[in-house]
Amino acid sequence: MKFIDPDHPFYRPLWRRLLLVGLCAAWTTVEFYNGQQTWGMIFLAVTAYAFAHLILFFKPSAAAEKPAGEGGDGAG
């Protein structure tokens, strides 16, 4: 089981991936600002993991790249 499945259609748009990583980073900042070093480190790890999988190493699958309207069935 994956923590984040980058092949899921939800993560296809770039803005969703950036928003998710940004929210994780913001929550990390909140935890460190409030003096919660343990939770800050946990969310820092979550932010790094999300950044790596959703932005740095993201490669959409071949099925995800094809828009739904482009079927190869020859119907026109």
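**A walk through a three-helix chain**

Leu 23 is found in helix H1, which covers residues 14-33, and this residue offers a starting point for reading what is a predicted model. With a relative accessibility of 54%, Leu 23 counts as exposed, because the cut-off for that class is over 50%. Together with Trp 15 and Leu 19, Leu 23 makes a nonpolar surface patch of about 350 Å².

From here it helps to step back to the whole chain. The protein chain has three helices and zero strands, so that, read along the sequence, it follows the pattern α-α-α. Of its 76 residues, 20% count as buried, and its accessible surface comes to about 5,800 Å², with 67% of that area belonging to carbon and sulfur atoms. When contacts between residues at least 6 apart in sequence are considered, 52% of them join residues that are at least 24 apart.

Helix H1 also holds Arg 17. Is this arginine buried or exposed? At 7% relative accessibility, Arg 17 counts as buried, since the limit for that class is under 20%. A polar atom of the Arg 17 side chain lies 3.0 Å from the backbone oxygen of Leu 54. Leaving aside its neighbours within four places in sequence, Arg 17 is in contact with Leu 54 as well as with Tyr 11, Arg 12, Ile 55 and Phe 58.

Two of these partners, Tyr 11 and Leu 54, lead on to the interior. Which residues form the largest nonpolar core? It has five members, namely Ile 4, Tyr 11, Val 21, Ala 50 and Leu 54. In soluble globular proteins, nonpolar side chains tend to be buried together. Within this core, Ala 50 is in contact with Ile 4 and Val 21, and beyond it with Ile 55, once neighbours within four places in sequence are left aside.

A further buried position is found in helix H2, which spans residues 37-56 and contains Thr 47. Thr 47 counts as buried because its relative accessibility is 11%. Apart from neighbours within four places in sequence, Thr 47 is in contact with Val 21, Cys 24, Ala 25 and Thr 28. Val 21, which belongs to the largest nonpolar core, is thus a contact partner of Ala 50 and also of Thr 47.

Returning to helix H1, the reader can set the exposed Leu 23, at 54% relative accessibility, beside the buried Arg 17, at 7%.

Conventions:
Residues are numbered from 1 along each chain as its sequence is written. This is a predicted model: local features need pLDDT of at least 70, side-chain atom pairs count only at pLDDT 80 or more; totals for chains, interfaces and linings use all residues. Side-chain values use heavy atoms; hydrogens and water are left out. Patches are made of residues with over 30% relative accessible area and no salt bridge: like charges are joined within 9 Å, nonpolar side chains (Val, Leu, Ile, Met, Phe, Trp, Tyr) within 5 Å. Accessible areas come from the Shrake-Rupley method with a 1.4 Å probe; for residues, only the protein chains shown count as cover. A salt bridge is a side-chain nitrogen of Lys or Arg within 4 Å of a carboxyl oxygen of Asp or Glu. Helices (H or I, at least four residues) and strands (E, at least two) are DSSP runs, numbered from the N terminus. Buried means under 20% relative accessible area, exposed over 50%, partly exposed in between (1.4 Å probe, protein chains only). A polar contact is a pair of N or O atoms within 3.5 Å; within protein, one must be able to donate a hydrogen and the other to accept it, and residues adjacent in sequence count only if both atoms are side-chain atoms. Contact means heavy atoms within 4.5 Å. A nonpolar core is a set of buried Ala, Val, Leu, Ile, Met, Phe, Trp, Tyr and Cys residues joined through side-chain atoms within 4.5 Å.
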